[in-house]
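Please walk me through this structure. Take the sheet and its helices, then the cores, then a few local details of the backbone.

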Amino acid sequence: MKKNKTTHAMAGILMILFVVAFLLISGRFLYIQASGSVAGVSLNEWADNVRTTTYTLDSERGKIFDKNGMTLAYDMPTFRMYAIVTDKYSKDSEEPQHVVDPEGTAEQLAPLLNVDKAYLLERLNNGVKKGQSQIEFGSAGKGISLQTKEKIDALKLPGIKFIKENSRYYPNGVFASHIIGFAREKENKTENGIKNEIVGVTGIEHEMDDLLKGANGYISYQRDIYNKKLLDPNEVIQMPDNGDNVYLTIDQKIQTLLEDVMTQVDNKYKPERMSAIVMNPKTGEIVAMSNRPSYNPNNPENVKNWYNDAISTPFEPGSTMKMFTWAAAIESGVYNGGEQYKSGQYKVGNNKPVGDFNGGKGWGMISYDEGFALSSNVAASKLVWEKMGPDTFLKYLKAFDFDKETDIDLPGEVEGQILYNYPIEQITTAFGQGSTTTPIQIMKAATAIVNDGKMVKPYIIDKIVDSDTGKVIEQHKPEVVGEPISKDTAKQVRNLLIQAVQSERATGSRFKLDDYSVGGKTGTAQIPNPDGGGYLRGQENYVFSFLGMAPADDPELMMYVSIKQPTLEFESGIESGSVPVSFIFNNVMENALHYWNIEPDKGEITEVSDYQIPNLINKSTEEVKGILNSAKVSYSVIGSGNKVVKLSVEEGNKVLPNERVLLLTNDPTMPNIIGWSQRDVLKLGEMVGLKTEIIGNGYVTSQSIPEGTKLGENSYLGVELKTPIEVKKTKPNDNSKNNQAQSNDTFE
């Protein structure tokens, strides 16, 4: 009876516990059903996440172009190869989905990947031994081109798979590398794990990284447990926002020419450093810029110099600074170019005497104008100390912005420093010693001399364009940032620069061009001794430089070249530091001006006048020739007719003496156009109605229609053009003046 009571009591307790548990569980279910959440997690959202698949849609990094639309940097599709090495992927499959023959696979892949068979076989076998599902092949399996992938696909090797990736590609190799910079793949942590993306590291790639990289998109949809899209998948697509395109001011052809010439000098003279800038001085646009050492952005390894020395490495510029010393003296009203002074040496107080570059011998009593052409340190010192006064000169140095950055749109700019605390520093600054500057600061200051006193800001980004719509987002324009000198002063300084190249004893005589007049100033700067005070000694321990502009009467291009510590051949007395500098300047400027179709002025300084074309139509050919000869107008007669029926210049328009005027007669025949410019060929085609095809750049070297052939409308004219450098390369035993060493064993 007692046992029976205990059993009933326990049964009651169990029943109560069961009821309580049932109520708790039921209540929980009811709560979950009513609230739709567990532990604060929405079941609907959780279910959506479980059955929703999301894929990233990668954005394309923006391209970098030159001013004319030539591609300088773009994303190139590449592939990363991997191998499935476990047979579980081949179950229930008619064809094997894993590597079934490691040795045969390695043997066929090795020549296509340019690696040893043993390397690939070891990777495959190790993967099998370690029980891995799939393996990769290190650097040998990355960056595979589409062409190589297609060759591998054609082998139909089981288990070999690919993942598409983008890599940044620079089609010109070593080309404006310090400007463009480079971008490389980098692992970034995201909410969904680690994501590889291309990131700018240096140059424009780094400076404009936010605009270039764009924003990724995505696609998401709901699926079942078999990974198949539901009938109502709730699909969402967010298209990627591709990066913007950046157009630079540099000209690909002139930049290529500069790179080629600098490489030649680098190989021959092996300098410590080289920098060169080509600028449109009227706008501030950088046409070309290069440094040595440089690097290939496609493979930036063992780089000797990351710095863009043209904007990032201040140095004592030497005598190129004198153009600003003379400009300051002229503008301040104290300059008399014909005034005589005693050259040789000049001493202020107890300081060491300043000497002219010819060992302090000087040239006796000479004028200040002659002192500029001869690059006299004494003349520069006297102008600052006796004529202007150091305070006035400092005011002009700051007006030329030598105390600040140019704000060029490139990363890493460093301004120079005006060292001006003591009298000796104030004097030496006058001829470019002590104080430091960068090539880009000198170029910016020199634009004031070209532009009648107005100084323009240098820039290298022309515009930014939306890659999807083609809309210009931002257009850069020339910007005047100062007016340190007047129009009259600028003109006087330009004349001095012309004499510094053209006059008989000028230090810049080596920089004369064949077809264009040049104004400019040389520089030979000492290099501070890194081991202590003073400067390095020796004939090669200088920075040799030149700033030149052409055509001298109205400069269209301005160029600065500096070469530090080149290896020179002084034994025979036929080499000097200006030889490699002039080789770069002369070749680049001559060809660049021709390429831009700038009319040659034959290297002579003449008063430029224009001539207004009168009514010459239907006049006799001989009469028209006589009129144009009297006006000293260059012309070419098209045909042997006795009457002129058309001119390339309309009545009333003005032409310069060196502009070619085409005279079409009533009996047109093909002229000899060898040596004509592209512009003149196009004029001829338009006048006669020819179908013209032009190959190359520069000047005509061949024509498809022989001289004297009758011309008619729709005739085909094919011409080949070459630059002067290309022509010289085709001539054997070329002894051009640019390649000949000339005697000059002094420095300034």
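In this predicted model, helix H18, residues 578–595, lies across E13, E24 and E25. Its direction is at about 155° to E25. Helix H16 also lies across strands, namely E13 (273–280), E14, E24 and E25 (557–564). H16 runs at about 150° to E25.

The sheet beneath this description has 5 strands. It is open, and its order is E14-E13-E25-E24-E23. The pairing is antiparallel. E14 (285–292) and E23 (519–526) stand at the edges. Each has a single partner strand, so one side of each is left without a neighbour in the sheet. From one strand to the next, the twist averages 10°.

Look at the E23 end. E23 and E24 (residues 542–550) run antiparallel and are joined by 8 bridges. Gln526 stands opposite Tyr542 in E24.

Two loops that follow sheet strands hold cis peptide bonds. One such bond joins Arg292 and Pro293, with omega about 5°. Pro293 is in the loop between E14 and helix H10 (309–312). Another cis bond joins Ala550 and Pro551, with omega about -15°. Pro551 sits in the loop between E24 and E25.

Back to H16. How do its axis and that of H17 (residues 487–502) cross? The two axes come within 7 Å and cross at roughly 105°. H16 is therefore roughly perpendicular to H17. On the H16 side, Ala448, Ile449 and Val450 take part in the contact. They meet Ala490, Val493, Arg494 and Leu497 in H17. The residues of this contact divide into 6 nonpolar, no polar and 1 charged.

Now the interior. The largest nonpolar core holds 85 residues. Within this core, Ile204, Leu248, Met289 and Phe324 touch the most other members. Helix H16 (residues 439–450) supplies the largest share, 8 residues. Apart from this core lies another, of 37 residues. Met274, Ala288, Tyr542 and Tyr699 are among the members of that other core.

Ile204 deserves a closer look. Leaving aside neighbours within four places in sequence, Ile204 has contacts that include Ile64, Ile179, Ile180 and Gly181. Asp209, Leu212, Val246 and Leu248 are also in contact with Ile204. So are Asp409, Leu410, Ile460 and Ile461.

Ala106 offers another packed site. This residue lies in helix H3 (residues 102–113). Is Ala106 buried or exposed? Its relative accessible area is 0%, so Ala106 is buried. Not counting residues up to four places away in sequence, Ala106 touches Lys117, Leu120, Leu121 and Leu124. Leu124 is 18 residues from Ala106 along the chain, and their C-alpha atoms are separated by 8.2 Å.

Two loop residues finish the tour. Asp452 is not a glycine, yet its phi is positive, near 55°. Asp452 lies in the loop between H16 and strand E19 (455–456). With a relative accessible area of 27%, Asp452 is partly exposed. Asn618 is another residue other than glycine with a positive phi, about 70°. Its loop runs between strand E26 (611–612) and helix H19 (621–630). Which side of the exposure cut-off does Asn618 fall on, buried or exposed? The relative accessible area of Asn618 is 52%, so Asn618 is exposed.

How values were computed
Residues numbered from 1 in each chain as written. Predicted model: local features only at pLDDT ≥ 70, side-chain atom pairs only at ≥ 80, totals over all residues. Heavy atoms only, no water. Core = buried A, V, L, I, M, F, W, Y, C linked by side-chain atoms within 4.5 Å. Buried < 20%, exposed > 50% of the residue type's maximum accessible area, 1.4 Å probe, protein only. Helix = DSSP H or I, 4+ residues; strand = E, 2+ residues; numbered from the N terminus. Contact = heavy atoms within 4.5 Å. Axes fitted to C-alpha atoms, helices over the stretch in contact; angles between N-to-C directions. Parallel < 35°, antiparallel > 145°, perpendicular 65-115°, else oblique. Nonpolar A, V, L, I, M, F, W, Y, C, P; charged D, E, K, R; others polar. Pairing = 2+ DSSP bridges.
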